[in-house]
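The following exercises concern a predicted model. Please work through each task with the sequence and the structure at hand before reading its solution.

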Amino acid sequence: MPLAASFAQPPASGPLASIDMGSNSFRLEIGQLRDGRYRRLQYLKETVRLGAGLDAQGLLTEEASERGLACLRRFAGTLSGMRPGQVRAVATQTLREARNRDAFLRRAQEALGFPIEVISGREEARLIYAGVAKLQPSHAERLVIDIGGRSTEMILGCGRTPSRAESFQVGSVSLSMRYFADGRFSAEAFRAAQIAAGAEFEEALQPFARSLWKEALGSSGTAGAVSEVLRDCGVTDGRITPDGLRWLMQRCIEAGSADKLNLPGMKADRKPVIGGGLAILYTLAMHFQIDALLPAKGALRQGVIVDLHDRLLAHERAPGGDAHADSVRVLQKRFEVDTAQAARVTDVATELYSQLAAQPDEQALTALRRAAQLHELGRMVSHHDHHRHSAYLLAHVDAPGWSQSEQRQLAELVLGQRGGLKKVDELIRRGDAVLQLLSLRLAVILCHARGGDEPTPQSLQLQRKADKVTLQTGAEWANLHPRTLHLLREEAQAWSDPTLPISLVIGAAKR
């Protein structure tokens, strides 16, 4: 199934789908937000254990890959008929770690038929909180905990606003594989697992201290599974308490192994990872003084739908706007970007791209604007080679609302804003990305005087015929800006390699 191409934005009030490619399970949810209320239309879950398929070298095994691909093919059938803007797929810790993730993602996107975004731990935490806040609204200060297969997210917030969000690289699958190999339980294994988990969470003791929240909620699989067992066994009313956790760990030790653990409410697919999940829950309860962890209604998959709805709604209110404008402003302020220069480069790059592209793509135009707004991020580090610093920061900084995939694409574009083209050879040969790159490079040159007489649409013109791009300048402007003309001619030389998909020619000045 080919990846979906450019599209008109669907209505925010229509059905929206999210795919959560977790380390333990893959989940597909189709939901709808209308009049402020969330309604689930369809939900599918498959235990894939992708996180158990990372080998000692950090590579995803073919066996685990095939499990994931088979699941995505089945999901694709359910998504048949949905438009690209209605669907968002996100991948979490396992694909953050996997060294061969790009190879897997190419196959996965082909199987699903939609793009897949690898999101950072903090972005995952933000989306989890968005799901919980929407489905279980409250104005109390909250601690939300989500224990996944290979990571655990902790979020503080009030209402719909998270105040602190962190991700820790310890989860039910990874801890179970290390301390409960072959599903064997023992008191010694639980103690060792708790010490390992405690070492991961130690840095969170102050930022998530008991004095900062009024209630604690447990989101997603592990908390829900443990809550169900405690309730069905009559130990609690579904609340996860320290006494309840001790009781359940003792039942595991008495059983000796996962295959012999038979308790009401304990599902078969949860048994292999229950040891690691219990160790994490008990460690959190003890370290953060959690008397009762309540199961939450929302999770990552609902948060993805809520976030997608908010993006579509913002587009309806301001067509062509940038859904991540807040993140852009935050990054500009944080890294002391010259916003006036960024605006100049953005305006010129946008105009040039509109001239170059036969049918300007809205998503490509938005990405170009973001790159132009943030192209000087690295000047805070050093003026020398600032484009390399900018690219590094964009690829690695925590930017709310952006996936790692989006950040890496922006970083490539920003890296290519100046200098040789070999370093972005892959980008240049990726469809119309070459037009984005050329527009940005030319805009940086044309605005290099930082506030002098900048070119206007009337003073320059780009013409594209097949693989040849010609830039013509007005005679008066060319005479007033000999240094800029010199830089433009040097740029044309950079594009003179016959192996490049386009060439650049500086035409005679128009009189």
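**Exercise 1.** Determine which residues Ser405 touches, leaving out those up to four places away in sequence, and decide whether Ser405 is buried or exposed.

*Solution.* Begin with the location: Ser405 belongs to helix H15, which comprises residues 404-415. Next, list the contacts: Ser405 touches Ile116, Glu117 and Val118. Finally, apply the cut-off: buried means under 20% relative accessible area. The relative accessibility of Ser405 is 17%, so the residue counts as buried.

**Exercise 2.** Establish where Leu263 is found and which residues it contacts beyond its neighbours within four places in sequence.

*Solution.* Leu263 is placed in the loop that joins helix H8 (242-255) to H9. Its contacts beyond those neighbours are Val229, Cys233, Trp247, Leu248 and Arg251. With a relative accessible area of 17%, Leu263 is buried. As for Ala140, its C-alpha is 34 Å from that of Leu263, and 123 residues separate the two in sequence.

**Exercise 3.** Give the strand order of the open sheet of 5 strands, and explain why one side of S8 and of S10 is left without a neighbour in the sheet.

*Solution.* The order reads S8-S7-S6-S9-S10, and the pairing is mixed. Strands S8 (161-168) and S10 (293-295) stand at the edges; each has a single partner strand, so one side of each lacks a neighbour in the sheet. From one strand to the next, the twist averages 25 degrees. At the S10 edge, S9 (residues 215-219) pairs with S10 in the parallel sense over 3 bridges, and Gly218 stands opposite Pro295 in S10. Lastly, helix H9 (residues 274-287) lies across S6, S7 and S10, at about 155 degrees to S6.

Key:
Residues numbered from 1 in each chain as written. Predicted model: local features only at pLDDT ≥ 70, side-chain atom pairs only at ≥ 80, totals over all residues. Heavy atoms only, no water. Pairing = 2+ DSSP bridges. Helix = DSSP H or I, 4+ residues; strand = E, 2+ residues; numbered from the N terminus. Axes fitted to C-alpha atoms, helices over the stretch in contact; angles between N-to-C directions. Contact = heavy atoms within 4.5 Å. Buried < 20%, exposed > 50% of the residue type's maximum accessible area, 1.4 Å probe, protein only.
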